Amino acid sequence: MKDVFDLLSKFYPITLGVLGIGLYVWNYLDQTNKPKGWLSYLLIILAIIHLVCFYANYGFEDVWFWIWLGRDVLVLVLAIILYEYPKWRLAFVLFFLGFTGYWIYENHFISSEKFISTISDKTEIEADSSAELIVQLHDPAQFNTLRDILERTSFPFEIKEAFPQLSNKELTELDNCYTIDLPNEEAARQVYELLEKQNIIKTVEWNESYHISPIETNANPSPKPPRSFQFINDEKSAEQWALDALNIDALAKQLKRLRPKKTAKIFILDTGVDADHEDLKDNYFSVKSDYDKDTHSHGTHCAGIAACVTNNQKGVASLNFNNRFCKITSITVLPGGYGRQENIMDGMIMAADLGADVISMSLGGPNYDNSQSLYEQAVDYCNKKGAIVVVAAGNSNQDAKKHVPAACNNTITVAAVDENLQKASFSNFFSEQHYPLSAPGDNILSTVPNNKYQPFNGTSMATPYVAGILGIMKSLKPDINTEQAFQILHQSGKKLDTHEPVGTFIQPSKAIMQLLQTRRTFHWLIEWLLKLFTFKK
Amino acid sequence: MPIQLELKAGVLKYEDIEGGVWRLVTSSGEHLVLINLPPSFQEQDLKVAAILKKSEAETSIFMMGPLYEVLEIQKI
């Protein structure tokens with residue numbers, strides 16, 4: 001049902017245009033005394049379809065439903081009124097042509113960015129729960145003044161009663177307390193400084209419940225409540241802590257309405273991939289049948305992390321929401337789990353020649369002699385062919401510069417962190433890498449051959465998470481290169497407080513937001529002019 | 001170039017990394033990744049002596065150090 005609504009919502013602006021043109025024709029037939037009975041029925045059906053699509057796009061629960069419904073009715077009434085004035089008929093036609101043209105423009109060029117800009121007040125807040133303030137007013141009657149002050153800032157915010165469950169409000173002033181969710185800590189800091197100076201504020205504090213560090217203990221941890229995700233229905237997703245850490249709900253909310261410009265191809269260079277796995281096969285394309293089997297499990301595991309089939313009520317989930325952004329394939333370079341550097345480089349070149357957008361390599365070896373230089377030349381080739389190469393940092397708890405291809409200057413290199421967002425004990429760390437990042441790599445549940453699922457540990461597991469988000473970025477902005485992609489992932493990522501540096505921890509929803517915002521500069525004028533007539537809230 | 005064989009003694013350790021890997025930890029603190037440890041020897045903390053050959057394969061999914069092939073192995 002959700003898919004049907006998603007589909008209908010896409011037709012919403014078209015139905016408005018068709019309805020307007022239908023009214024125009026109806027008017028024409030009416031004024032020239034031609035029969036129009038059939039058209040009347042058609043218009044009624046169109047109006048019903050339009051309302052359904054309109055509902056699918058906005059939903060009753062949203063205040064925007066009524067605002068934009070009013071706008072559409074106004075447009076149609078204007079169209080009818082204008083028709084009565086022959087001089088204005090041309091304006092009416094141009095108006096609807098413009099409407100339709102803008103719709104095409106919007107959906108093919110800027111829909112992604114606009115969606116982000118309009119949902120950012122919700123999604124961004126959810127992406128960083130650490131940015132919450134708690135304020136106490138001298139008088140609850142000053143709530144509207146507080147809201148006005150917040151609205152004058154440039155930050156999206158959510159404000160709500162801090163203690164709505166108070167049963168004896170007369171015994172406390174806590175009913176004067178409100179929590180303010182802000183998109184990030186910097187915004188919260190600025191708002192904090194602003195509110196401190198306001199006379200209406202009794203106290204303003206950071207909501208400390210979000211700043212408690214985990215207490216180290218040797219006792220068995222109490223079982224965590226099962227995870228549930230709003231937009232993910234895969235059977236075992238509750239066991240995937242990484243989805244929580246990567247805020248997959250916020251990402252799914254964004255991706256739900258974005259249209260990829262292409263389906264990105266992620267190449268897994270590994271031990272092969274079990275292409276018949278129930279949670280992979282619909283998202284897998286083959287480049288050679290020899291590569292579509294995996295006698296080891298490692299490659300299949302990595303493939304599942306990068307882009308397994310998500311929302312199929314089976315197995316695990318990946319970042320590739322609803323499977324619209326990426327496909328995966330395999331090139332077997334380490335059939336038994338180990339092999340020669342030449343095989344890896346051959347695989348890289350083959351992947352690049354086959355149009356890879358992302359090459360994921362969860363492998364490595366010691367950094368001998370000129371091995372780094374050779375790898376870098378192969379990576380250069382891949383980059384020139386449009387592929388981004390992402391590699392594992394290695395599992396020796398050493399500086400990753402001692403390992404290749406981890407040490408290469410033109411790869412994105414990924415370290416592993418555990419569920420407490422600390423460096424995984426085995427993971428290599430970074431001192432000189434050009435493009436270091438981190439991702440979940442401990443106790444990662446994913447696909448293994450024969451329709452099975454197992455948790456693995458390793459920087460190999462962290463690497464395909466980064467490959468997965470890179471694939472989505474490539475699908476939305478195909479010409480993005482390694483440097484640009486890294487900068488987005490780095491700037492939008494979470495800074496971790498670890499003993500050894502592991503790079504910023506990727507935050508996919510924020511990365512997508514930032515990716516799309518970089519494209520906005522070309523469209524700001526049009527967006528501003530057409531703000532009132534945009535089709536999506 | 002002659003094949004260099006190494007006689008090593010130490011303790012076998014299973015590491016739950018990358019789907020599982022066996023290493024020989026020698027008394028001098030070396031951690032050698034064994035790529036073909038026979039199943040009958042796959043026992044945690046087993047003390048063994050082995051004749052090893054450094055693998056020509058320098059790259060692996062384990063990413064934990066040099067790889068060694070086991071040519072001969074026995075419990076000690």
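In which sense do strands β1 and β2 of chain B pair, and over how many bridges? In this predicted model, β1(B), covering residues 5-15, and β2(B), covering residues 21-26, pair in the antiparallel sense over six bridges. Two residue pairs help to locate this ladder on the structure. Y14(B) stands opposite W22(B), and G10(B) has T26(B) as its bridge partner. The two strands form a hairpin with five residues between them. In the turn of this hairpin, E18(B) takes a positive phi of about 55°. Most residues other than glycine have a negative phi, and most peptide bonds are trans.

Strand β1(B) also pairs with β4(B), which spans residues 47-54. This pairing is again in the antiparallel sense, and it runs over seven bridges. Here E6(B) stands opposite L52(B). These pairings belong to a barrel in chain B, closed by five strands in the order β1-β2-β3-β6-β4. The pairing within the barrel is mixed, and the twist averages 55° from one strand to the next.

The next topic is the contact between the two chains. On the chain B side, 17 residues are in contact with 31 residues of chain A. The size of an interface is often given as the accessible area lost when the parts come together. For chain B and chain A, the buried area is about 1800 Å², and carbon and sulfur atoms give 56% of it. Polar features also appear across this interface: 16 residue pairs are in polar contact, counting pairs with both residues at pLDDT 80 or more. The chain B residues on the side that touches chain A divide into eight nonpolar, four polar and five charged.

The count of salt bridges between the two chains is two. In one salt bridge, the side chains of R340(A) and E58(B) meet at 3.2 Å, N to O. Strand pairing links the chains as well. Strand β7(A), made of residues 338-339, and strand β5(B), made of residues 59-60, pair in the antiparallel sense over two bridges. Within this pairing, Y338(A) stands opposite S60(B).

Turning to chain A, seven strands form an open sheet in the order β6-β5-β8-β10-β12-β13-β16, with parallel pairing. Which strands stand at the edges of this sheet? They are β6(A), residues 326-332, and β16(A), residues 504-505; each has a single partner strand, so one side of each is left without a neighbour in the sheet. Elsewhere in the sheet, four bridges join β8(A), residues 358-361, to β10(A) in a parallel arrangement. One register point is the bridge between S360(A) and V390(A).

Helices of chain A meet this sheet at several strands. Helix α13(A), residues 482-492, packs on the sheet and touches β10, β12, β13 and β16 of chain A. The direction of α13(A) makes about 55° with that of β13(A). Helix α9(A), residues 298-307, lies across β5 and β6 of chain A and runs at about 155° to β5(A).

Across the whole structure, a search over all chains finds 11 salt bridges. One of them is formed by the side chains of D353(A) and K385(A), at 3.5 Å, N to O. D353(A) lies in helix α10(A), residues 341-353, while K385(A) lies in the loop between α11 and β10 of chain A, so this pair ties together parts that are 32 residues apart in sequence.

Chain A also has a hairpin, built from β14(A) and β15(A). Five bridges join β14(A), residues 444-448, to β15(A), residues 452-456, and the two strands run antiparallel. In this hairpin T447(A) stands opposite Y453(A). There are three residues between the strands, and N450(A) takes a positive phi near 65°.

Two loops of chain A deserve a look at the level of the backbone. N247(A) has a positive phi of about 55° although it is not a glycine. This residue is found in the loop between α7 and α8 of chain A. A cis peptide bond joins V404(A) and P405(A), with omega at about 5°. P405(A) is found in the loop between β11 and β12 of chain A.

Note on methods. Residues are numbered from 1 along each chain as its sequence is written. Chains are lettered from A and ligands numbered from 1 in the order in which they are written. This is a predicted model: local features need pLDDT of at least 70, side-chain atom pairs count only at pLDDT 80 or more; totals for chains, interfaces and linings use all residues. Side-chain values use heavy atoms; hydrogens and water are left out. Two strands pair if DSSP finds at least two bridges between them. Axes are lines fitted to C-alpha atoms, for helices over the stretch in contact, and angles run from 0 to 180 degrees between N-to-C directions. Contact means heavy atoms within 4.5 Å. Buried area is the accessible area (1.4 Å probe) that two parts lose on being put together, summed over both. A salt bridge is a side-chain nitrogen of Lys or Arg within 4 Å of a carboxyl oxygen of Asp or Glu. A polar contact is a pair of N or O atoms within 3.5 Å; within protein, one must be able to donate a hydrogen and the other to accept it, and residues adjacent in sequence count only if both atoms are side-chain atoms. Ala, Val, Leu, Ile, Met, Phe, Trp, Tyr, Cys and Pro count as nonpolar, Asp, Glu, Lys and Arg as charged, and the others, Gly among them, as polar.
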